[in-house]
Amino acid sequence: MEFILYLLLILFSTKVAGDISVRLGQPSVLGKLIIGIILGPAVLGWIDNNEFIHYFSEIGVLLLMFLAGLETDLDQLKKNWKAAFAVAIVGIIFPFIGGYSIGELFNLDTTYSLFIGVLLCATSVSITVQVLKDMNSLNSPEGSTILGAAVVDDVLVVILLAAMTSLLGTGEEVSIGLLIGKKVLFFIGVLVAGAFIVPKFLQILSKLKVTEPVISMALVVCFAFVYFADLLGMAGIIGAFAAGIAISQTDYKHTVERKMEPVAYAVFVPVFFVSIGLNVSFNGIGSQIGFIAVLSVIAVLTKLVGGAIGAKLTGFNNHSALIIGAGMVSRGEVALIIAATGLQESLLLPEYFTSTVVVIILTTLFAPPLLKFLINQDKKS
């Protein structure tokens, strides 16, 4: 029954920590991330990052992005697609140059330096989504641009990582043409399914004489999109987000949203927030404090400035551009996956793995208060 004890600790501590964080003027998600570090191996060691945590956190982040898709204004998203592309592209160029430069500064081999550049390109907006939801800014022009840019960013970073793995890694060679073809197939697939299959699917199966057929079928759609995304080399969270958007265009949007939120936020999402903190360990990083400090500063600044310049180029004012840049800072679980892949493919030195994980966590912790501060300033002006 160890997993029951873990669940008890996580549910209680995240709600208390979130409340304390809000009372201190910070977004609730910051307290939940910090409590993960406290409960995990880095401090108290009460919770291990085991299989139970892994599966529950996976469901948590998928439901979080599914709900974000449900709440997204598709017209606003379409309106800001040019800005999303610009933010993603410039927001990849700056971190890549910054990460590569840091690797060279610390005398790493060129391969390792290039990989650190790719690692810093990653963006995970699952944490950003929570802050935007809390601040009622998910459907603002800035929020829509951040969400759109995250989708483009995911595609570009996966292609970059595949190219590096193929050219410099230890695994099998990857066809970049095939990789891009899979991404195109994914977007065509979700567009067709969202427009023609999902509405009919829900309409027919909502008539089943069982308890909550609409919610169950909405989850079927969500997990089908996630599996399809993973099958074609996309992040599962992009599939969940696409499923949310598809269902948001049906008559069942409000029913699914109203009934799904309690399920997600009562159990699964808290486990996801804690799981981020569980990756932190302070073992053996004493000799790499300089590397961690410099890389953390570069990781934050390059995404913030790169994203802001991309937004500025497409017509946003200075403050809105900064909000968008801040929304792209969090590296979250996407960068953790890339770091693990780099280690496996010998693109990242084992002695630098823990340090890079700490940097990823620090960017994830820094992003929520920065984003909240900038949104509050915008609302005051």
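Two residues are in contact here when their heavy atoms lie within 4.5 Å. With that in hand, let us walk through this predicted model, starting from the inside.

**The nonpolar interior**

Leaving aside neighbours within four places in sequence, Phe-66 touches Ala-218, Cys-222, Ala-240, Phe-241, Ala-243, Gly-244, Ile-247, Val-256 and Met-260. Phe-66 belongs to the largest nonpolar core, which has 122 residues. Together with Phe-225, Ile-247 and Val-256, Phe-66 is listed among the residues with the most contacts inside that core. Two of these, Ile-247 and Val-256, are also contact partners of Phe-66. Apart from this core there is a second, separate one of 13 residues, and its members include Ile-10, Leu-39, Val-271 and Leu-278. As background, nonpolar side chains tend to be buried together in soluble globular proteins.

**A nonpolar patch on the surface**

Now to the outside, where Trp-81, Phe-85, Ile-89, Ile-93, Phe-94, Ile-97, Leu-156, Val-297, Leu-301, Val-305, Ile-309 and Leu-313 form a nonpolar patch. Together they have about 1000 Å² of accessible area. Which helix gives the most to the nonpolar patch? That is H5, with six residues. Helix H5 spans 81-105, and both H5 and H13 supply at least two residues each. One patch member, Leu-313, is placed in helix H13. Leu-313 counts as exposed because its relative accessibility is 65%, and the cut-off for that class is over 50%.

**Two residues with positive phi**

Most residues other than glycine have a negative phi. Here are two that depart from that pattern, side by side.

| Residue | Phi | Loop between | Relative accessibility |
|---|---|---|---|
| Asn-136 | near 55° | H7 (126-134) and H8 (141-168) | 73% |
| Glu-212 | about 50° | H9 (176-205) and H10 (213-231) | 35% |

Each of them sits in a loop between two helices: Asn-136 follows H7 and comes before H8, while Glu-212 lies between H9 and H10. Are these residues buried, partly exposed or exposed? Asn-136 is exposed, because 73% is over the 50% cut-off. Glu-212 is partly exposed, because its 35% falls between the 20% and 50% limits.

**Confidence along the chain**

A friendly word on how far to trust the coordinates: the protein chain averages a pLDDT of 85, and 96% of the residues score at least 70. Among the elements, helix H13 (residues 289-313) has the highest mean pLDDT, at 93. The lowest mean, 77, belongs to helix H15 (residues 332-344). Helix H13 is also one of the helices that supply at least two residues of the nonpolar patch.

Technical notes: Residues are numbered from 1 along each chain as its sequence is written. This is a predicted model: local features need pLDDT of at least 70, side-chain atom pairs count only at pLDDT 80 or more; totals for chains, interfaces and linings use all residues. Side-chain values use heavy atoms; hydrogens and water are left out. Helices (H or I, at least four residues) and strands (E, at least two) are DSSP runs, numbered from the N terminus. Buried means under 20% relative accessible area, exposed over 50%, partly exposed in between (1.4 Å probe, protein chains only). pLDDT is the predictor's confidence in each residue, from 0 to 100. Patches are made of residues with over 30% relative accessible area and no salt bridge: like charges are joined within 9 Å, nonpolar side chains (Val, Leu, Ile, Met, Phe, Trp, Tyr) within 5 Å. Accessible areas come from the Shrake-Rupley method with a 1.4 Å probe; for residues, only the protein chains shown count as cover. A salt bridge is a side-chain nitrogen of Lys or Arg within 4 Å of a carboxyl oxygen of Asp or Glu. A nonpolar core is a set of buried Ala, Val, Leu, Ile, Met, Phe, Trp, Tyr and Cys residues joined through side-chain atoms within 4.5 Å.
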